[in-house]
Amino acid sequence: MAGRLIYLDHAATTPVDPRVVEAMKPYWSDKFGNPSSVYQKGREASVVLGRAREQVSGVFGCLPAEIIFAGSGTESDNQAIIGTALANQSRGKHIITSAIEHHAVLHACEFLESQGFEVTYLPVTKAGIVKLEELEKSISQDTILVSIMYANNEIGTIQPVKEIAELVKKKNPKTYFHTDACQAAGYCDLAVDSLGVDLMTINGSKIYGPKGVGVLFVKKGVIINSFVHGGGQENGRRAGTENVPGIIGLATALELVQKEKEKESKRLIKLRDRLIEGLLKMDKVFLNGDPARRLPNNVNVTILDIEGESMLLHLDKEGIAASSGSACTSGSLDPSHVILALGQPYEVAHGSLRFTLGRANTEEDIDFVLKVLPGIVRELRQMSPVRIDPSKLK
Ligand SMILES: Cc1ncc(COP(=O)(O)O)c(C=O)c1O
């Protein structure tokens, strides 16, 4: 196995599909025009930009004019939240989100709190599903926006987006509903009408498209401020010369993942469940997230008595790339806010380990993880001073 990388971190980013690379190629060199220029080269770029917008709107089942291209998923999330909050503050200053959102949403909400907005962070069940009764109680006449993610990046839980949308509109028809669908875009239905969303974010980097490009769907009639100020691009709603190759890459990748999602999901679910079953055979290991309402490629377990980070380093030596819930890499020793929100104690939350599968993974990859991980766990537990009694955990 030496020399071979088993990449199991597709929730962090995916490799770019060769078909996507091919589609992007001419727009780096030959067809380098600026879509805002009036001459031939510019018009050429403007036409392909329009085509990419139609590709994305075709998948979302919306109007091309309802699509804003942005610089990342983070930027789209920020525009959705800060852009609607600032534009609608005369109606109310209350926003609702969940405790398990990506930091792109959570930190945008925290920024708004610093500007005098009130934010409710909804709790989730032990399996990571937003508590709908809490949502219902929280919506008031003052609520201008609810932002709940479609699928979670750490534990893969898929939220009942349609039910959430119905509840929001029933309680306050004027409240906007945004969903961060970055992790869901490769596996879930994105038809905005049937989902009932007013705003939706996706990005290129999780769907075998390029990094550094995002999309924000904004339903016609939604009042939103521009977030990046400058030129009049994107109908005056997002300034800055469009990343033409990136946008073409994202649009191509989105069409491909959506076309292939049923077949690929079936294949990945088999591999995912094989990995979960094998991991749960180890002592003092449990699954995080919902066993059924879960992304086809997500496995997240807690392995008691040891730290996720140490397991990652040992797995890396074996050529396996995975991820842990803890944020040690960002200089903090805090465990993941998502795992903590599931109600796990601090020392337990430290032992979470995430494997996110993708196109290149095979049964052999899964079996190799299951072959090497028990030895790593045994070795680390021997060195660990921690002994958690699983019967004491609720
Ligand atoms: C759920 C979710 N939202 C937002 C983002 C941010 O996207 P980007 O890295 O394109 O800014 C990510 C990526 O990690 C994500 O998983």
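Q: Which residues is D9 in contact with, leaving aside its neighbours within four places in sequence?

A: In this predicted model, D9 is in contact with A321, A322, S323, R354 and T356. D9 itself is found in the loop between β1 (6-7) and α1 (18-24).

Q: Is D9 buried or exposed?

A: A residue counts as buried when its relative accessible area is under 20%. D9 has 12% relative accessibility, so it counts as buried.

Q: Let's turn to the ligand. Which residues surround the ligand?

A: A useful habit is to list the surrounding residues and then sort them by character. Here the ligand is surrounded by S72, G73, T74, D77, H102, M149, N153, D180, C182, Q183, N203 and K206. Sorted by character, the shell divides into two nonpolar, seven polar and three charged residues.

Q: Which helix gives the most to the shell around the ligand?

A: That is helix α3 (residues 73-87), with three residues.

Q: How do I read the polar contacts of the ligand?

A: Look for pairs of N or O atoms within 3.5 Å. With that cut-off in mind, take three side chains in turn. For D180, an N or O atom of the side chain is 2.6 Å from a nitrogen atom of the ligand. For Q183, the side chain has an N or O atom 2.8 Å from an oxygen atom of the ligand. For H102, an N or O atom in the side chain is 3.2 Å from an oxygen atom of the ligand. As for cover, the ligand taken alone exposes 390 Å², and the protein buries 84% of that.

Q: Now a strand. What can I learn from the two sides of β8?

A: In a regular strand the side chains alternate between the two faces of the sheet. In β8, G214, L216 and V218 point one way, V215 and F217 point the other way, and all are buried. Strand β8 (residues 214-218) is accordingly described as mostly covered, with five of its five residues buried.

Q: Which strands pair with β8?

A: Strand β2 (residues 67-70) is joined to β8 by four bridges, and the two run antiparallel. Within that pairing, F69 has V215 of β8 as its bridge partner. Strand β7 (residues 199-203) also pairs with β8 in the antiparallel sense, over five bridges. There, F217 in β8 stands opposite M200.

Q: Where is Y208 found, and what is its phi?

A: Y208 lies in the loop between β7 and β8. Its phi is positive, about 65°, although Y208 is not a glycine. With a relative accessible area of 8%, Y208 is buried.

Q: Where is K284 found?

A: K284 is in the loop between α9 (244-280) and β9. K284 too has a positive phi, of about 55°, and is not a glycine.

Q: Why is strand β10 described as largely enclosed by the rest of the structure?

A: The count of buried residues tells you: strand β10 (residues 298-303) has six of its six residues buried, so the rest of the structure largely encloses it. Checking face by face, N298, N300 and T302 are on one side and V299, V301 and I303 on the other, and all are buried.

Q: How do I place β10 in its sheet?

A: Follow the bridges on each side. Three bridges join strand β9 (residues 285-287) to β10, and these two run antiparallel. In β10, F286 has T302 as its bridge partner, and V285 has I303. β10 also pairs with strand β13 (residues 352-356), antiparallel over five bridges. In that pairing, N300 is matched with R354 of β13. The result is an open sheet of four strands in the order β9-β10-β13-β12, with antiparallel pairing. The edge strands are β9 and β12 (323-324), since each pairs on one side only.

Q: Which residues of helix α10 are buried?

A: An α-helix has 3.6 residues a turn, so residues three or four places apart point the same way. In helix α10 (residues 308-317), the buried residues are G308, E309, M311, L312, H314 and L315. These buried residues of α10 pack against β10, β11 (320-321), β12, β13 and α13 (363-383).

Q: What is the phi of G319?

A: G319, just after α10, takes a positive phi of about 85°.

Definitions and conventions:
Residues are numbered from 1 along each chain as its sequence is written. This is a predicted model: local features need pLDDT of at least 70, side-chain atom pairs count only at pLDDT 80 or more; totals for chains, interfaces and linings use all residues. Side-chain values use heavy atoms; hydrogens and water are left out. A residue is near a molecule or strand if one of its heavy atoms lies within 4 Å of it. A polar contact is a pair of N or O atoms within 3.5 Å; within protein, one must be able to donate a hydrogen and the other to accept it, and residues adjacent in sequence count only if both atoms are side-chain atoms. Accessible areas come from the Shrake-Rupley method with a 1.4 Å probe; for residues, only the protein chains shown count as cover. Ala, Val, Leu, Ile, Met, Phe, Trp, Tyr, Cys and Pro count as nonpolar, Asp, Glu, Lys and Arg as charged, and the others, Gly among them, as polar. Buried means under 20% relative accessible area, exposed over 50%, partly exposed in between (1.4 Å probe, protein chains only). Two strands pair if DSSP finds at least two bridges between them. Contact means heavy atoms within 4.5 Å.
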